[in-house]
Amino acid sequence: MSAVMSPSSSTDTAWRELHEAATVPYKKGGSFAWHFARGKLGRDPVFRGLLERGLIGAQHRRVVDIGCGQGLFASLLASMSVMQKQGRWPASWAATPERADYTGIELMPKDVARAEASIGHLLPAPRLLCADMCSANLPDCDLVVILDVLHYVDLEAQEGVLVRVRDALRRGGNPQARLLLRVGDASSRRGFAISQWVDRTVTRIRGHKVSPTWGRPLAEWNALLQRLGFRVQSMPMSEGTPFANVLLVADLDPAA
Ligand SMILES: C[S@@+](CC[C@H](N)C(=O)[O-])C[C@H]1O[C@@H](n2cnc3c(N)ncnc32)[C@H](O)[C@@H]1O
């Protein structure tokens, strides 16, 4: 008798396959790139969380990933597209872009070099820009992803980035344009302090000159995004970790 798969076991299997496929390219980037990709994709709940909640839609073709590190999100998008073409996509997962046009923006040249070495050969080729998010040109787009990055710059600079993100999404002209922003909730003191400590340690090891320090309570993030013309939903996104991370799903408000 053949076993009947429950929806969660079929998504578990699909997620394992996706994890494998999205991390394989990093073997080309060397041992650090590969181990980092496997650990990050496996342990950080955000990537699977985005998928399971259907937050990356097929209509989000032009993607800008700010503070992209070694470009893991590009590899994930490419692997998702392959699995869908091969008909191995769980029915409970919404379709993601068939052929994402990805731009990653990253300050650290070493990360960009690792990304190039690992995923530079993917098709369509991801655009990987070594630039400061505070001044980089943002292309017209459908989806902007900023995961754990804005706290590297002060509050005024954070707002400046978000204004330029909003303008890039508006110029893109997609009525379903979306920003996926993960931040720490500074009102949750313990979790926020732990993530700051971890971030500062990692940042020092990676040779960053600036320490990631600037946070806001969740209510202030929501108020800022609404003031800039987004409709916002927030969801906890640090399951299985000691952090106080929150994912803000911010859609352009057509009425704004
Ligand atoms: C905690 S890591 C997150 C990486 C990636 N978003 C992820 O979730 O895997 C933060 C990244 O933001 C980058 N970053 C910090 N300040 C930046 C800036 N001003 N412009 C562009 N990238 C920046 C860091 O170099 C680092 O790669």
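R166 counts as buried in this predicted model, because its relative accessibility is 15%, and buried means under 20%. This arginine belongs to helix α6, which covers residues 155-172, and, once residues up to four places away in sequence are set aside, R166 touches L228, F230 and L252.

Just before α6 in the chain comes a loop that begins after strand β4 (143-147), and D148 has its place in this loop. Although D148 is not a glycine, its phi is positive, at about 60°. D148 counts as partly exposed, because its relative accessibility is 22%.

Helix α5, made of residues 109-119, shows how a helix can have two sides: D111, V112, R114, A115, S118 and I119 are buried. These residues lie on the same side of α5, because they cover an arc of only 160° around the axis. On the other side of the helix, P109 and K110 are exposed. What do the buried residues of α5 pack against? Their partners are two helices, α2 (31-43) and α4 (72-85), together with two strands, β2 (101-106) and β3 (127-130). In the loop that leads from α5 to β3 one finds P124, and the peptide bond that joins L123 to P124 is cis, with an omega of about -10°.

From this helix we can turn to the interior of the chain. The largest nonpolar core has 40 residues, and those with the most contacts inside it are L18, F47, F73, L76 and L247. The elements that give two or more residues to this core include the helices α1 (7-23), α3 (45-52) and α5, as well as the strands β4 and β7 (245-252). Which element gives the most to this core? That element is α4, with seven residues. A second, separate core has 32 residues, among them V144, L181, W221 and L248.

L247, one of the residues with the most contacts inside the largest core, deserves a look of its own. Leaving aside its neighbours within four places in sequence, L247 is in contact with a series of residues that includes V46, L50, L55, L147, L180 and L181, and also R182, Q233 and S234.

Finally, a careful reader should ask how confident the predictor is in what has been described. The mean pLDDT of the chain is 91, and 91% of its residues reach 70 or more. Over residues 1-5, however, pLDDT stays under 50, and for these residues the model has two contacts beyond four places in sequence.

Terms used:
Residues are numbered from 1 along each chain as its sequence is written. This is a predicted model: local features need pLDDT of at least 70, side-chain atom pairs count only at pLDDT 80 or more; totals for chains, interfaces and linings use all residues. Side-chain values use heavy atoms; hydrogens and water are left out. Buried means under 20% relative accessible area, exposed over 50%, partly exposed in between (1.4 Å probe, protein chains only). Helices (H or I, at least four residues) and strands (E, at least two) are DSSP runs, numbered from the N terminus. The arc is that of the directions from the helix axis to the C-beta atoms. Contact means heavy atoms within 4.5 Å. pLDDT is the predictor's confidence in each residue, from 0 to 100. A nonpolar core is a set of buried Ala, Val, Leu, Ile, Met, Phe, Trp, Tyr and Cys residues joined through side-chain atoms within 4.5 Å.
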